[in-house]
Amino acid sequence: MVLAQRYVVAQPHEPSPMPGSADHLLFPRALVTSCPCGGNHGVADHDAQQPAGAEAAVGESAVTGAIHSAVLRAVIPDPLTRRAFVRAVGAGTALAALREVFPLDVATALAQSAPGPLEKRQLKIGFIPITCATPIIMAEPLGYYAKYGLEAEVIKTAGWAVIRDKAINKEYDAAHMLSPMPLAISLGAGATAIPWTMAAIENINGQAITLASKHKDKRDPKEWKGFRFAVPFDYSMHNYLLRYYLAEAGLDPDRDVSIRAVPPPEMVANLRADNIDGFLGPDPFNQRAVYDGVGFIHLLSRELWDGHPCCAFAASREFVETMPNTFQALLRAIIDATAFAAKAENRKQIAEAIAPTNYLNQPVTVVEQVLTGTFADGLGGVQRVPNRIDFDPFPWHSMAVWILTQMKRWGQIKGDVDYRKVAEQVFLATDAAKLMREMNLPVPQSSYQRFTVMGKEFDPSKPEGYLDSFAIRRL
């Protein structure tokens, strides 16, 4: 049932509800005809009748009513139709119908267990239209922000530099960022140093090297000397993974090829115009190149490092510290949405939710191929790779350490680096772990782990030794 998944907050263009209407006192009170006590009156009247000392009960009623109202508004967006429905069937029947499509009791319990009142409800969150942002995007149409009491607007943004600048200028409260970006911002790489945080990984895997169709006979990277490549941003996993791959093939990424930053939505057009020979970029644009017949998927990024991080949910340290309750609610919404996205059986529904113009602006078929892992590769084959993209919110400190080694390898940061200190200041593994445990999600015993990149093991306790092992580097 599609409507069942659209439990979002009230639309800003709707008029304020009149006293006595079915929408009366949407925030923070209940529907007039649906007092949680079961009486035939509104929460406002119920509260007025409470004896002294009943503040806790009143607070619980307010939370319950806000959730019920928000869900009803989302399921039936038109105010006149919604009010007519409540009048026709009665509050009890309306609430019973809502419980069929949304876990109201669970949402109410979560809301009531919040640490305190939200410092800010109306939030702006910037995103780039790529499948890496799936949890951040889907949390709006599928109601995860509303579930935690937030009125969040996700705003499509042109490129990563714009995302960074708007976040720094406080035009966005939080943002979809590439996982290296909070590290770069905190260290002052490419901009003035500002304490930043990465609270959750948005996706793992989910990228690919896509080449122009004319290069189908050049599958060996040793043949790519002189190629022109695009990556989304200098401080990106795409840049580091592409450089790693080229260097392992004996090519110097700064001398033997050219690599430039191109916003993801412009990558396919540049491939079609022969401005580039290929790109290591995010989906859905790898798949869109195949769909448009201008490119083919050379390899998936999981073939370089299975389980690598890519995008992230990020916010300034100032936001985290000055609005702790809002931040926690927002992080809960992101982690909850990420857990939903991690389940394969939900991927088709998610594709429908995020494909529209205001989000990815892509054919549902393209988005579905990416999220389900059953896709045409542009070489005449159909691949079945269920974890082509996956979702795991835990921000491993060891991933941050690896990123820092690559930033230093390619000259983006210089001098001595306290890898562990920086990783633990920026990647908020402790915060994520706490909320994940509360939500009954699996949490690793340690935030550090060894992993393998292109057959080479990375030990996060020995970053300098790892860095020294590379023949091709810029120090």
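**Close-up 1. The largest cavity has a volume of about 50 Å³.** We start inside this predicted model, where a search of the whole structure turns up three cavities of 30 Å³ or more. Around the largest cavity sit Arg-164, Met-181, Ala-184, Ile-185, Ala-189, Gly-190, Ala-191, Phe-233 and Tyr-235. Sorted by class, this lining comprises seven nonpolar residues, one polar and one charged. Helix α9 (residues 181-187) is the main contributor to the lining, giving three residues.

**Close-up 2. Helix α19 turns a set of buried residues towards three other elements.** Within α19 (residues 429-438), look for Ala-429, Ala-432, Ala-433, Leu-435 and Met-436, which are its buried residues. As a reminder, residues three or four places apart in an α-helix point the same way, because there are 3.6 residues a turn. The packing partners of the buried residues of α19 are β4 (196-201), α14 (324-341) and α17 (397-409). After the helix comes Asn-440, and its phi is positive, near 60°.

**Close-up 3. Strand β4 is mostly covered and pairs with β11.** Six of the six residues in β4 are buried. Its partner here is β11 (residues 311-316): the two strands run antiparallel and are joined by five bridges. To find your place in the pair, look for Ala-200, which stands opposite Phe-313 of β11.

**Close-up 4. Trp-402 belongs to the largest nonpolar core, which has 134 residues.** Tyr-145, Phe-313, Trp-402 and Met-407 are the members that touch the most others in this core. Helix α14 supplies the largest share of the core, ten residues. Another core, of six residues, lies apart from it and includes Ala-208, Val-290, Leu-300 and Val-385. Back at Trp-402, leaving out residues up to four places away in sequence, the contacts are Met-237, Tyr-240, Leu-241, Tyr-244, Trp-305, Phe-451, Val-453, Phe-458 and Tyr-466. For context, nonpolar side chains tend to be buried together in soluble globular proteins.

**Close-up 5. Gly-411 lies in the loop that links α17 to α18 (419-426).** Is this glycine buried or partly exposed? Gly-411 is partly exposed, because its relative accessible area is 25%, and the cut-off for buried is under 20%. Arg-473 is a useful landmark for this view: Gly-411 and Arg-473 are 62 residues apart in sequence, while their C-alpha atoms are 8.1 Å apart in space.

Technical notes:
Residues numbered from 1 in each chain as written. Predicted model: local features only at pLDDT ≥ 70, side-chain atom pairs only at ≥ 80, totals over all residues. Heavy atoms only, no water. Buried < 20%, exposed > 50% of the residue type's maximum accessible area, 1.4 Å probe, protein only. Helix = DSSP H or I, 4+ residues; strand = E, 2+ residues; numbered from the N terminus. Contact = heavy atoms within 4.5 Å. Pairing = 2+ DSSP bridges. 1 Å grid on protein atoms, 1.4 Å probe; cavity = no way out; pocket = protein on both sides within 12 Å on 5 of 7 lines; lining within 4 Å. Points joined across faces, edges and corners; volume = space filled by probe spheres on them. Nonpolar A, V, L, I, M, F, W, Y, C, P; charged D, E, K, R; others polar. Core = buried A, V, L, I, M, F, W, Y, C linked by side-chain atoms within 4.5 Å.
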